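Biologist: Could you take me through this model step by step, beginning with the chain as a whole and ending with a single residue?

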Amino acid sequence: MELVLIRHGETPGNAERRYVGALDQPLSERGRRQAREAGVHPDEELVYVSSMTRSQQTAAIMFPNARQVVVPGVQEMDFGTFAGRTADEMADDDAYRAWVAGNCEGTCPNGESRAEFIERICAAMTAFCHALREQDERRAILVAHGGTMMASLYRMADTRRDYYDWLTGNCGGYRMDVAFPNGSVEFRNIESWGPATQHGRAAGPFGGNA
């Protein structure tokens with residue numbers, strides 16, 4: 001089975017390098033343009049999306065005639081009290097400084113830790129892929145988030161990379177084969193899809209890219 005995993009277009013918070021995460025932001029005008037420039041595919045009949053507006057708006061532009069089906073649990077990381085703020089705005093925030101000092105792996109106040117986020121995403125992606133298999137789907141497209149990619153590919157890809165090295169640019173993504181060894185889910189033969197993959201982090205764990 002083939003899976004194409006695409007990241008949404010830019011939001012206003014992305015442009016301002018804010019931790020967007022669980023905040024449900026729409027696309028910016030630049031984000032809409034990115035989606036159009038990434039390619040419009042009118043022949044697609046079905047596309048899977050997260051529950052968040054930016055994912056669904058991106059899919060509506062890129063796959064204008066496709067029916068959208070929401071996949072539960074694949075939405076972006078919950079940054080808790082850090083959401084909506086920039087690294088500069090939190091420069092004197094002790095909780096934020098401690099979180100960054102811990103390589104951004106600890107629990108965000110009123111939010112998730114990286115480990116919790118990875119567990120949620122991988123559980124959701126595993127259930128999604130098994131459901132596709134049961135439906136005998138040969139190919140699926142999922143428009144989701146940078147964090148969705150990083151968390152799932154970090155744990156489920158047969159190619160090992162650092163967590164942040166799986167981050168892509170807006171409307172970029174990956175094409176992969178989905179295998180089911182011993183009842184688990186593994187991503188193989190992974191190739192970049194769409195706009196060039198942007199490896200590494202900028203400012204903070206997502207650099208305003210979530």
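**Reading the fold**

Modeller: Read from the N terminus on, the elements of this predicted model follow the order β-α-α-β-α-β-α-α-β-α-β-β.

Biologist: How many helices and strands does the chain have?

Modeller: The order of elements along the chain begins with a strand and a helix, as β-α. Counted over the chain, the secondary structure comes to six helices and six strands.

Biologist: What is the radius of gyration of the chain, and how does it compare with the globule rule?

Modeller: Along the principal axes, the C-alpha atoms fill a box of roughly 50 × 40 × 25 Å, and 51% of the 210 residues count as buried. For 210 residues the globule rule gives 17 Å, and the chain comes close to that, so it is as compact as a globular protein of that length, with a radius of gyration of 16 Å.

Biologist: Are α2 and α3 parallel or oblique to each other?

Modeller: Two packed helices are described by the angle between their axes and the distance between the axes. For helix α2 (residues 29-38) and helix α3 (residues 53-62), the axes come within 8 Å and cross at roughly 40°. Since angles under 35 degrees would count as roughly parallel, this crossing makes α2, relative to α3, oblique.

Biologist: Which residues of α3 does α2 meet?

Modeller: By class, the contact of α2 with α3 has four nonpolar, two polar and two charged residues. On the α2 side stand Arg32, Ala35, Arg36 and Ala38, and the residues they meet in α3 are Gln57, Thr58, Ile61 and Met62.

Biologist: Which elements do the buried residues of α6 pack against?

Modeller: Helix α6 is mostly covered, with nine of its eleven residues buried, and among these are Gly146, Gly147, Thr148 and Ser152. These buried residues of α6 pack against five partners, which are β1 (2-7), α5 (114-134), β4 (139-144), β5 (173-179) and β6 (186-193).

Biologist: Is Ser152 buried or exposed?

Modeller: Ser152 is found in helix α6 (residues 146-156), and, leaving aside neighbours within four places in sequence, Ser152 is in contact with Leu5, Ile121, Cys122, Met125, Ala157 and Phe187. Because a residue counts as buried when its relative accessible area is under 20%, and the relative accessible area of Ser152 is 0%, this residue is buried.

Note on methods:
Residues are numbered from 1 along each chain as its sequence is written. This is a predicted model: local features need pLDDT of at least 70, side-chain atom pairs count only at pLDDT 80 or more; totals for chains, interfaces and linings use all residues. Side-chain values use heavy atoms; hydrogens and water are left out. Axes are lines fitted to C-alpha atoms, for helices over the stretch in contact, and angles run from 0 to 180 degrees between N-to-C directions. Helices (H or I, at least four residues) and strands (E, at least two) are DSSP runs, numbered from the N terminus. Angles under 35 degrees count as roughly parallel, over 145 as roughly antiparallel, 65 to 115 as roughly perpendicular and the rest as oblique. Contact means heavy atoms within 4.5 Å. Ala, Val, Leu, Ile, Met, Phe, Trp, Tyr, Cys and Pro count as nonpolar, Asp, Glu, Lys and Arg as charged, and the others, Gly among them, as polar. Buried means under 20% relative accessible area, exposed over 50%, partly exposed in between (1.4 Å probe, protein chains only). The radius of gyration is taken over C-alpha atoms; the globule rule is 2.2 Å times the number of residues to the power 0.38.
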